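Visitor: I am new to this structure. Please show me how to read its features, one at a time.

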Amino acid sequence: MKYKLEKPVHGTIGNSKYQCTIEWRNGKFVADEPTTIGGKDTGPDPFTLLLSSLASCKLITLRMYIDRKGWTIDQVAVNANLYQETKEGITTTIIDCDILFISPVSDEQKMQLLDIAKACPISKILQGELKVRVFVYREGDAKTIKYANEEVTVLWKPEFCQHSTRCWTQMPQVFKPSLRKWIDPGGASAEKLEQQIAKCPSGALVFIKNEPENKTQ
Ligand code: SF4
């Protein structure tokens, strides 16, 4: 099992209806709800975010294909929207994407680009078998085990670990799952260890550079 994202998308909400802060690998943005349902419309709502994911994936996939073919098609646009129908208790969601080639394209190019756009990775996710798993933790629930040497401390929260195997396959000199004391922080330089821990997809591992007063005796 290998997660698609090196770092999970991390979202938080406080008391301010309904502004959420979403952190991704290179920054943050805000999500909200429209005023019609009690939000302040300070950022895209969850449906807009879902459609944005699909629209951007189609545009990026088309751009990659167009460039690979060496075609001169400078501008492409996508409009995406959805509606839902409920029949006999079953709700079906229909997403419509209209692709507009602002630069001229031949009929043959249009048909090829249609096939490419239909098969973009996010379309495949939405139309393939999809499971959403939800786990619940309370702050403080997770047991934390500490592994330290003079220079660094590694914290491991077993309840968060998703057993992706990434740490021990990529850095076996530090992460040794067959041993009871399975993390040896001295097995790699602090810099390399920090880089490896940043790749943990679940947040189960935390890297701390010891301050002089925190050094292990
Ligand atoms: S600690 Fe992180 S990288 Fe290691 S197995 Fe668990 S989830 Fe994967």
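Guide: Start with contacts. Two residues are in contact if their C-beta atoms, placed from the backbone, lie within 7 Å. Keep in mind that this is a predicted model.

Visitor: Then which residues does L205 touch, leaving out those up to four places away in sequence?

Guide: L205 touches V154, W156, C167, I197 and C200.

Visitor: What does the largest nonpolar core consist of?

Guide: The general idea comes before the case. In soluble globular proteins, nonpolar side chains tend to be buried together. Here the largest nonpolar core has 12 residues. They are V152, V154, W156, C167, V174, F175, I183, L193, I197, C200, A204 and L205. Both β7 (152-156) and α5 (190-197) supply at least two residues of this core. The largest share, 3 residues, comes from β7.

Visitor: Which residues are around the ligand?

Guide: Here is the list: C161, Q162, H163, S164, T165, R166, C167, C200, P201, S202, A204 and L205. By type, this shell has 6 nonpolar, 5 polar and 1 charged.

Visitor: What does the UniProt annotation say about residues 147-209?

Guide: The unreviewed UniProt entry annotates residues 147-209 as "domain: Divergent 4Fe-4S mono-cluster". Over that stretch the chain is 21% helix and 19% strand. The end C-alpha atoms of the stretch are 12 Å apart.

Visitor: Now helices. How does the span of helix α1 compare with what its residues predict?

Guide: Use the rise of 1.5 Å a residue. The expected span is 1.5 Å times one less than the number of residues. Helix α1 covers residues 46-69, 24 residues in total, so its span should be 34 Å. Its end C-alpha atoms are 35 Å apart, which agrees.

Visitor: Try that on α2. What span should its 12 residues have?

Guide: For α2 the figure is 16 Å, and the end C-alpha atoms are 17 Å apart, which agrees.

Visitor: Which residues of α1 are buried?

Guide: Think about turns before reading the list. An α-helix has 3.6 residues a turn, so residues three or four places apart point the same way. In α1 the buried residues are L51, L54, A55, K58, L62 and I66. Their cover includes β4 (76-87), β5 (90-101), α2 (107-118) and α3 (121-127).

Visitor: And how many residues of α2 are buried?

Guide: The count is 1 among its 12 residues, so α2 is hardly covered. Q112 is found in α2. Q112 is partly exposed, because 16 other C-beta atoms lie within 10 Å. From Q112 to D98 is 14 residues in sequence and 15 Å in space, C-alpha to C-alpha.

Visitor: Is K124 buried or exposed?

Guide: Count the neighbours. A residue is exposed if 12 or fewer other C-beta atoms lie within 10 Å of its own. K124 has 11, so K124 is exposed. K124 lies in helix α3. The C-alpha atoms of K124 and K40 are separated by 33 Å, with the two positions 84 residues apart along the chain.

Visitor: Why does V206 count as partly exposed?

Guide: V206 has 15 C-beta neighbours inside 10 Å, so V206 counts as partly exposed. V206 belongs to strand β8, residues 205-209. V206 and G43 are 163 residues apart along the chain, and their C-alpha atoms are separated by 31 Å.

Visitor: Let us turn to the backbone. Where is E88, and what is its phi?

Guide: E88 lies in the loop between β4 and β5. Its phi is positive, about 50°, although E88 is not a glycine. E88 counts as exposed because it has 4 C-beta neighbours inside 10 Å.

Visitor: What phi does T165 have?

Guide: T165 has a positive phi of about 75°, and T165 is not a glycine either. T165 is in the loop between β7 and α4 (166-170). With 12 C-beta neighbours inside 10 Å, T165 counts as exposed. T165 is also one of the residues around the ligand.

Visitor: What about G70?

Guide: G70 comes just after α1 and takes a positive phi of about 75°.

Visitor: One last backbone feature. Is the peptide bond from K17 to Y18 cis or trans?

Guide: That bond is cis, with omega near -20°. Y18 lies in the loop between β1 (10-13) and β2 (20-24).

Conventions. Residues are numbered from 1 along each chain as its sequence is written. This is a predicted model: local features need pLDDT of at least 70, side-chain atom pairs count only at pLDDT 80 or more; totals for chains, interfaces and linings use all residues. Helices (H or I, at least four residues) and strands (E, at least two) are DSSP runs, numbered from the N terminus. A residue is buried if 20 or more other C-beta atoms lie within 10 Å of its own, exposed if 12 or fewer, and partly exposed in between; C-beta atoms are placed from the backbone. A residue is near a molecule or strand if its C-beta atom, placed from the backbone, lies within 6 Å of it. Ala, Val, Leu, Ile, Met, Phe, Trp, Tyr, Cys and Pro count as nonpolar, Asp, Glu, Lys and Arg as charged, and the others, Gly among them, as polar. A nonpolar core is a set of buried Ala, Val, Leu, Ile, Met, Phe, Trp, Tyr and Cys residues joined through C-beta atoms within 7 Å. UniProt positions are given in the numbering used here, feature names are shortened, and annotations may be inferred rather than shown by experiment.
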